[in-house]
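The exercises below treat the packing of two helices and the empty spaces beside them. Work through each task with the structure open before reading its solution.

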Amino acid sequence: MTAVEHDADVIVVGAGPGGSATAYHLARHGVRVLLLEKTEFPREKVCGDGLTPRAVRQLVRMGVDTSPEAGWLHNRGLRVIGGGVRLELDWPELASFPNYGLVRTRLDFDDLLAQRAVAAGAKLRTSVNVLGPVLDGDGRVTGVEAEVGPGKEPTTFHAPLVVAADGVSGRFPLALGLAKREDRPIGVAVRRYYRSPAKADDNYLESWLELRSKDSGDNLLPGYGWIFGLGDGRVNVGLGVLNSSSAFGKTNYRRLLTDWLANTPEDWGMTDETNADGPILGAALPMGFNRVPHYTRGVLLVGDSGGMVNPFNGEGIAYAMESGELAAEVMVQALARPAGPERERALMAYPNELKARLGGYYRLGGIFVKLIGRPEIMRIATKHGMPHPTLMRFVLKLLANLTDPRGGDAMDRVINAMTKAAPAV
């Protein structure tokens with residue numbers, strides 16, 4: 001049998017934040033990485049564009065300049081609106097995380113991260129549409145089949161390890177028979193850009209826990225909303241609905257967004273269609289490890305491909321980048337071992353460590369999603385919780401997953417104890 005010549009040590013499918021972070025951390029350790037992206041940069045991506053300190057930490061770990069001079073809009077924390085209360089909560093002061101968040105559109109954010117991976121030594125190829133895996137006689141993945149360029153030239157790439165970072169569609173893991181789990185939370189989000197000088201330079205991310213239209217009276221619209229200033233005269237405005245809501249899958253989400261915005265102040269500019277900058281776009285939010293296993297037969301799932309969106313707040317970028325760094329660390333150790341049982345033992349550290357880090361937290365998040373899907377509970381929670389800033393600071397730490405693992409304050413210790421006590425998903 002002729003030995004197959006490998007094009008790389010690791011093939012990464014998808015150059016979103018998770019894929020680029022994986023490629024960067026691998027390349028930094030001298031691993032030959034092939035990063036395959038089906039589109040060309042720069043490219044649009046449906047997202048809130050807001051980054052919490054958890055995501056900022058990952059950017060810093062990739063050597064990204066996050067200064068305002070480098071095009072980033074900084075924010076101090078989260079402004080929460082609900083229950084007749086408007087509360088501004090600064091990001092916590094922690095040893096483990098920076099005390100600021102960021103906003104930047106995905107149009108150039110993903111390109112920036114991909115170029116960091118290239119600078120570290122990864123080889124990026126765009127306009128490569130990966131169709132599925134190449135399998136050996138034992139059913140192990142040894143590469144990918146793809147169509148390359150505008151001519152869709154059939155091409156095969158080989159590597160002993162493949163990372164599926166192809167987002168919520170998860171076409172690559174689906175080709176391996178890894179379907180989404182229906183018992184895990186999932187959300188749908190829609191967003192649109194508006195020209196809004198009144199809100200564009202806001203130094204808080206704004207979260208609306210209650211949505212109302214002009215004619216809804218006391219009846220709440222389903223879901224939660226956000227308004228994030230972009231610092232360039234525009235805002236990113238959107239809303240999300242979770243599958244625990246009775247409205248999930250039965251609602252015109254685009255109409256829902258315009259109904260809510262029609263009730264915002266006129267000087268914000270979101271009641272006038274002429275201020276819209278582009279169409280309303282939507283995407284799914286795969287939460288709480290809704291596709292497993294995260295390692296099988298030579299393939300590691302990273303980010304949305306492995307359902308790693310935080311059920312508490314819908315944040316995906318931080319967890320895509322974190323899982324990418326962890327996957328890279330594991331693969332570096334695995335590739336230093338001979339192929340076979342020793343390497344497999346090393347690779348199993350990836351799903352085990354993911355479960356240890358996030359399994360209990362995501363279990364709590366699943367319970368949270370079920371609770372807030374009931375309007376009567378959400379109404380009580382906002383009415384009685386919002387007027388208490390200390391309680392809301394605790395909620396902010398819990399929802400954004402921002403605690404110091406050792407030391408920290410009483411809130412940190414309570415949250416850490418809760419996540420350790422919860423059985424891992």
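**Exercise 1.** In this predicted model, determine which element contributes the largest share of the lining of the second largest pocket, and describe that pocket by its volume, its central residues and its composition.

*Solution.* Begin with the share: helix 8 supplies seven residues, the largest share of the lining of the second largest pocket. The space in this pocket amounts to about 730 Å³, and its lining comprises 27 residues, of which Arg 54, Ala 356, Arg 357, Asn 401 and Pro 405 are nearest the centre. Next, list the elements that give two or more residues to this lining, namely helix 2 (53–61), helix 6, helix 8 and helix 11 (410–421). Finally, sort the lining of the second largest pocket by residue class, which yields nine nonpolar, seven polar and 11 charged residues.

**Exercise 2.** Describe how helix 6 and helix 8 are arranged relative to each other, and decide whether they run roughly parallel or antiparallel.

*Solution.* Two packed helices are described by the angle and the distance between their axes. Here the axes of helix 6 (residues 317–335) and helix 8 (residues 349–372) come within 9 Å and cross at roughly 150°. Because angles over 145 degrees count as roughly antiparallel, helix 6 is roughly antiparallel to helix 8. The handedness completes the description, and the crossing of helix 6 and helix 8 is right-handed.

**Exercise 3.** Identify which residues of helix 6 and helix 8 meet, and classify them.

*Solution.* On the side of helix 6, the contact is made by Tyr 319, Ser 323, Leu 326, Ala 327, Glu 329 and Val 330, while helix 8 brings Ala 349, Tyr 350, Glu 353, Leu 354, Arg 357, Leu 358, Tyr 361 and Tyr 362. Sorted by class, the residues of this contact of helix 6 with helix 8 are 10 nonpolar, one polar and three charged.

**Exercise 4.** How many cavities of 30 Å³ or more does the structure hold, and which residues line the largest cavity?

*Solution.* The count is one cavity of 30 Å³ or more, and about 60 Å³ of space lies in the largest cavity. Its lining consists of Arg 54, Tyr 319, Glu 322, Ser 323, Leu 326, Leu 354, Arg 357 and Leu 358. Assigning these residues to elements shows that helix 6 and helix 8 each supply at least two of them, with helix 6 giving the most, four residues. By class, the lining of the largest cavity divides into four nonpolar, one polar and three charged residues.

Terms used. Residues are numbered from 1 along each chain as its sequence is written. This is a predicted model: local features need pLDDT of at least 70, side-chain atom pairs count only at pLDDT 80 or more; totals for chains, interfaces and linings use all residues. Side-chain values use heavy atoms; hydrogens and water are left out. Axes are lines fitted to C-alpha atoms, for helices over the stretch in contact, and angles run from 0 to 180 degrees between N-to-C directions. Angles under 35 degrees count as roughly parallel, over 145 as roughly antiparallel, 65 to 115 as roughly perpendicular and the rest as oblique. A crossing is left-handed if the near helix is turned anticlockwise from the far one by less than a right angle, and right-handed if clockwise. Contact means heavy atoms within 4.5 Å. Ala, Val, Leu, Ile, Met, Phe, Trp, Tyr, Cys and Pro count as nonpolar, Asp, Glu, Lys and Arg as charged, and the others, Gly among them, as polar. On a 1 Å grid over the protein atoms alone, a cavity is a set of points where a 1.4 Å probe fits but cannot get out, and a pocket is an open set with protein on both sides within 12 Å along at least five of seven lines; lining residues have an atom within 4 Å of a point. Grid points are joined across faces, edges and corners, and a volume is the space filled by probe spheres set on the points.
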